[in-house]
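Biologist: I should like to learn how the features of a protein model are read. May we take them one at a time, starting from the structure itself?

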Amino acid sequence: MPLSRRQFVRAGLNAAIALGIPVAKPSVAGASRSHDAFPVRPVKLFVPFTPGTSGDLWARQLAPTLEARWRQPVIVENKPGAGGLIGAEQVARAQADGHTLLVGSQSTAFAKFTLAGVRIDPLADLDPVIKFLNYKMLLVVSASTHAKARSPEALLALSRASQGGLFFGSVGVASQQSVKNGILAEGIGLRFTPVEYPGVAQTVIALVRDEVQYILATPASVKTFIDNGSAVPMAALADTRYADWPAVPSIRELGLKGYLPDTWGGLFAPQGTSLAITERIGRDIQLAVDETKDLKARIESSLSGSVPLSDPQSFRSELNLEAQQLRAYLQRIHFTKKES
C-alpha cells in the first residue's frame, strides 16, 4: 500500500532519529503561523453561572462580533454549580489550545481560598487572558428594611440589634459578593446571617420578597426594582461615590479602611495555553469591543461597569496582588477553607 505524504515524512523522521541524524525543530515562524491560524474550529465560552448573570450577558453580547472576526462559531455555554467551580474545572481539563475558555470572576479565581475539597486551583490551573470588565457594586436593602433604617448608619445599628444580624442574600461562601460582605462585616461592624441561593437573580428576587434584608449587586441587576421602590441602594462598594449614583455614599464614608478589592470579570484559558494564543484572543476581544459600533457603550451601560485595558501579563500581575491581599483578609474573617 503506498504511503501517504504524512506517513512518508514521519517514516523519514523516524529513520533519521534512529540513525542519529539531527532533526531540526519547527521554526518560530512556523509556530507563529499556526497561532495566526487560530481558531480552526468553534470556540466555547463556558460561563460557570446561571443565564442572565453579568458574565453571561457579556459573553452573549460579544459572541457575534467574535464570530465575524474569527469566522468560526462562538458558543456560550452555562455550567453553573459549586460557586463556579464546575465550569472552571471543565475548562481546566480541556485541551490548552484556546478553543475552550472560561468567563470567570473573583468567585472562580480565588475559590481555593474559600472552599474545602476543591479539586483544582484556578490560579494555577487556568491562564489569565484578559480582564474584560470592572463592575460597579451596590449594597442594596429591601423596601421594608429601608423603612426601619433610612441611612447606612441606621442600617449598621439595626444589624447590631440582634445576635444574628441582618439576613444577607448569598450565592455561596466562595462568591465575590460573600467575600466582600465578609470584608465589610469586619471593617464597619456589620452583623449578618447568610442565606444561600443558586444565583444572583434569585438573591434579587429574595430581596424584593423580603426573604433577605440586603444583598450586594451590580446596579444593572437591581435597577428595575430600585426604580419601582422595592429595593433601595445604601452604599457604593468603591473608594468614592459613583458618578451615576451621586446620592449613594461610598463604603469609605462609612469608615471602611484598608484593602477593598475591585469587582471584575475575566477570561481564562486552560493552563499551558501558549502566550501567543492568549495574547491573540485578548487583542481580538479588545479590537472587537473598540471597533464595533456602540458595543463598548452597550456593555458598560447594560452591565454597570467599565472596560479596562488588559492583556495576559497585566491580568496575571493583578491576580497575584489580589491573591496576596485577599488571603490575609480571608484568614482573618474565617472564610478560608477548613483543612481536613
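Modeller: Let us begin with a term: helices (H or I, at least four residues) and strands (E, at least two) are DSSP runs, numbered from the N terminus. With that term in hand, Pro 39 can be placed in the loop between helix H2 (28-36) and strand E1 (43-47). Please keep in mind that this is a predicted model.

Biologist: How many helices and strands does the chain have?

Modeller: There are 15 helices and 11 strands in the chain. Of its 340 residues, 49% are buried. Among contacts with a separation of 6 or more, 78% are between residues 24 or more positions apart. The accessible surface of the chain is about 16300 Å², and carbon and sulfur atoms account for 55% of it.

Biologist: Let us return to the loop with Pro 39. What kind of peptide bond joins Phe 38 and Pro 39?

Modeller: The general idea comes before the case. Most residues other than glycine have a negative phi, and most peptide bonds are trans. Here, Phe 38 and Pro 39 are joined by a cis peptide bond, with omega at about -5°.

Biologist: Which residues other than glycine have a positive phi, and what are the values?

Modeller: Arg 71 is one of them, with phi near 55°. Its place is in the loop between H3 and strand E2 (74-78). Asp 294 also has a positive phi, of about 65°, and lies in the loop between helix H13 (275-291) and H14.

Biologist: Why is Arg 71 classed as exposed, and Asp 294 as partly exposed?

Modeller: The classes rest on cut-offs: buried means under 20% relative accessible area, exposed over 50%, and partly exposed in between. Arg 71 is exposed because its relative accessible area is 76%. Asp 294 counts as partly exposed because its relative accessibility is 47%.

Biologist: I should like to apply those cut-offs to two glutamines. Is Gln 176 buried or exposed?

Modeller: Gln 176 counts as buried because its relative accessibility is 10%. This residue is in helix H10. Leaving aside neighbours within four places in sequence, Gln 176 is in contact with Ser 105, Gln 106, Ser 107, Thr 263 and Trp 264.

Biologist: And where does Gln 90 lie?

Modeller: Gln 90 is in helix H4 (residues 85-92). It is partly exposed, since its relative accessible area is 34%. Beyond neighbours within four places in sequence, Gln 90 has contacts with Phe 46 and Lys 79. Phe 46 is 44 residues away along the chain, yet the C-alpha atoms of Gln 90 and Phe 46 are separated by 8.5 Å.

Biologist: How is a nonpolar core to be read?

Modeller: In soluble globular proteins, nonpolar side chains tend to be buried together. In this model the largest nonpolar core has 47 residues, and those with the most contacts inside it are Phe 110, Leu 139, Leu 184, Ile 188, Ile 251, Phe 268 and Leu 319. Helix H15 (residues 312-332) gives the most to this core, with 6 residues. Apart from it lies another core, of 30 residues, including Val 43, Leu 133, Ile 285 and Val 289.

Biologist: With which residues is Ile 251 in contact, leaving aside its neighbours within four places in sequence?

Modeller: The contacts of Ile 251 are with Leu 184, Ile 188, Ala 235, Ala 236, Leu 237, Ala 238, Leu 256 and Leu 260.

Biologist: Let us end with pockets. What is the volume of the largest pocket?

Modeller: Rolling a probe the size of a water molecule over the atoms shows where empty space is left. The largest pocket has a volume of about 630 Å³. It is lined by 46 residues, and those closest to its centre are Phe 49, Thr 53, Ser 54, Gln 177 and Val 200. Among the elements that give two or more residues to this lining are helix H3 (54-70), helix H10 (176-188) and strand E10 (263-270). H12 gives the most, with 6 residues. By class, the lining has 23 nonpolar, 21 polar and 2 charged residues.

Biologist: Which residues lie nearest the centre of the second largest pocket?

Modeller: They are Tyr 135, Leu 237, Ala 238, Tyr 242 and Asp 262, out of 16 lining residues. The volume of the second largest pocket is about 250 Å³. E4 and strand E11 (305-306) each supply at least two residues of its lining, which divides into 7 nonpolar, 5 polar and 4 charged residues.

Technical notes: Residues are numbered from 1 along each chain as its sequence is written. This is a predicted model: local features need pLDDT of at least 70, side-chain atom pairs count only at pLDDT 80 or more; totals for chains, interfaces and linings use all residues. Side-chain values use heavy atoms; hydrogens and water are left out. On a 1 Å grid over the protein atoms alone, a cavity is a set of points where a 1.4 Å probe fits but cannot get out, and a pocket is an open set with protein on both sides within 12 Å along at least five of seven lines; lining residues have an atom within 4 Å of a point. Grid points are joined across faces, edges and corners, and a volume is the space filled by probe spheres set on the points. Ala, Val, Leu, Ile, Met, Phe, Trp, Tyr, Cys and Pro count as nonpolar, Asp, Glu, Lys and Arg as charged, and the others, Gly among them, as polar. A nonpolar core is a set of buried Ala, Val, Leu, Ile, Met, Phe, Trp, Tyr and Cys residues joined through side-chain atoms within 4.5 Å. Buried means under 20% relative accessible area, exposed over 50%, partly exposed in between (1.4 Å probe, protein chains only). Contact means heavy atoms within 4.5 Å. Accessible areas come from the Shrake-Rupley method with a 1.4 Å probe; for residues, only the protein chains shown count as cover.
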